[in-house]
Amino acid sequence: MCGIVGMVCKSQYGFSKKQEDAFWHLLKADEVRGEDSTGVIYVESDGGFGIMKEAQAATWAYYSLYTDDMVKASQQRGKVYIGHNRKATVGKVNEANAHPFVVDDTFAMVHNGSLYGHKKLKNTEVDSEALAHHLKPLLTGTVSDEELNEEMGKIDGAFAIASYDQGNNCVYLLRNKERPLSLCMLPDGWAWASEGLMLAWILSRNGYDLSKCEVIDVPVDTIITLNLDKNTISKREYQPKKATAKATTGTNTKPWPMVTTTTGKQAPRFRQDGGVSKNQFKQLRKKFIGTRHSFWADDFIEKGFATGRRRLS
């Protein structure tokens, strides 16, 4: 599990103190979703941007991030903050593997979730970096609906994304059903976070009247675009085209041949139809009796994160 937070201000003259405080409070509260690393994308009103990241929890990273020269200028020309709290699943815990990831010096992205077989997208150590390379042309270029559906279908795993593209001067938000992301349309901008209730709490704590700016769920399989030049919000829906498995003909129940393990013992392979015979099951059971096995779940599907308010229409 990781966490994403963010803030966009509509003004061309920098963040208000209320907006700046709300973002940094979100980043620190979001530490409960990931304490391994902390990172921030910072964008100025002229489109210039930079990243800051530390391989430590937000509680400690805050002191070095908040004193950065980029942050000092945020109340004069700041436009966007995108924050990330990492809980490492793929890749070592170090500054290089911390989010955000930058592609071609023009596109920066943070990711909540875990992918399977990410090296099919890009041969990188961290799955999130591979995803950034895969998504950049889809989010920033002009692609047809058919191409978008096909390329999004190649992503195998859970994701919620927040990114910035300098070429179009836009922020992009998207997620699939396995990861949450909530958005709030404010009178002076937009704010988002992985957890809607946390977002509502922090915004309310910093003086926002939530009766006038409700928290909603980012729709699944929808790209939300925040245009920073025009201060507008738009959406584009897509339907991921997943690869279909090849159909098998007939019902071949003949067991596969035995294979020899590194210990010299023989172990049965699965049948061609994906099952095991009664005899194979007995052999497997016998091998497990009296032995100890540990399993670690590196990912899970988050459910029940809806805020109870309306979805983006």
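How much space lies in the largest cavity? That question opens point 1 below; the other points walk through the rest of this predicted model.

1. **The largest cavity.** The answer is about 60 Å³, and the structure holds 2 cavities of 30 Å³ or more. Its lining includes Cys2, the run of Arg86, Lys87, Ala88, Thr89 and Val90, and also His99 and His111. Gly113, Val126, Asp127 and Ser128 belong to the lining as well. By class, that makes 4 nonpolar, 5 polar and 3 charged residues. Cys2 is worth a click while you are there: this residue is buried, with a relative accessible area of 5%.

2. **The second largest cavity.** Here the space comes to about 30 Å³. The residues around the second largest cavity are Tyr116, Gly117, His118, Lys120, Leu121, Lys154 and Asp156. Sorted by class, they give 2 nonpolar, 2 polar and 3 charged residues.

3. **The largest pocket.** Turning to open space, the largest pocket has a volume of about 210 Å³. Its lining numbers 13 residues, and Gly157, Asn176, Lys177, Glu178 and Lys242 are the ones nearest the centre. The lining has 6 nonpolar, 2 polar and 5 charged residues.

4. **A cis proline.** Please look at the peptide bond between His99 and Pro100, which is cis, with omega about 10°. Pro100 sits in the loop that links strand 4 (78–86) to strand 5 (101–103). His99, on the other side of that bond, is one of the residues lining the largest cavity, so you may like to view this point together with point 1. As background, most peptide bonds are trans.

5. **Asp104.** Just along the chain, Asp104 is not a glycine, yet its phi is positive, about 60°. The residue belongs to the loop between strand 5 and strand 6 (107–112). Asp104 is exposed, at 56% relative accessible area.

6. **The hairpin of strands 12 and 13.** Strand 12 (residues 222–227) pairs with strand 13 (residues 232–237) in the antiparallel sense, over 6 bridges. To find the register, start from Thr222, whose bridge partner is Glu237. There are 4 residues between the strands, and Asn231 among this hairpin's residues takes a positive phi near 55°. Asn231, too, is not a glycine. Unlike an exposed residue, Asn231 counts as partly exposed, with a relative accessible area of 23%.

7. **Helix 7.** Which residues of helix 7 (residues 196–205) are buried? They are Gly196, Met198, Leu199, Ala200, Ile202 and Leu203. These buried residues pack against strand 1 (3–9) and helix 1 (17–29), and also against strand 9 (182–186), strand 10 (189–193) and strand 11 (215–217). After helix 7 comes Gly207, with a positive phi near 95°.

8. **Cysteines.** Why do Cys213 and Cys184 not form a bond? The sulfur of Cys184 is the closest cysteine sulfur to that of Cys213, but the two are 4.4 Å apart, which is too far for a bond, as a disulfide needs the sulfur atoms within 2.5 Å. The count of disulfides is accordingly 0. Cys213 is buried, at 2% relative accessibility.

Key. Residues numbered from 1 in each chain as written. Predicted model: local features only at pLDDT ≥ 70, side-chain atom pairs only at ≥ 80, totals over all residues. Heavy atoms only, no water. 1 Å grid on protein atoms, 1.4 Å probe; cavity = no way out; pocket = protein on both sides within 12 Å on 5 of 7 lines; lining within 4 Å. Points joined across faces, edges and corners; volume = space filled by probe spheres on them. Nonpolar A, V, L, I, M, F, W, Y, C, P; charged D, E, K, R; others polar. Pairing = 2+ DSSP bridges. Helix = DSSP H or I, 4+ residues; strand = E, 2+ residues; numbered from the N terminus. Buried < 20%, exposed > 50% of the residue type's maximum accessible area, 1.4 Å probe, protein only. Contact = heavy atoms within 4.5 Å.
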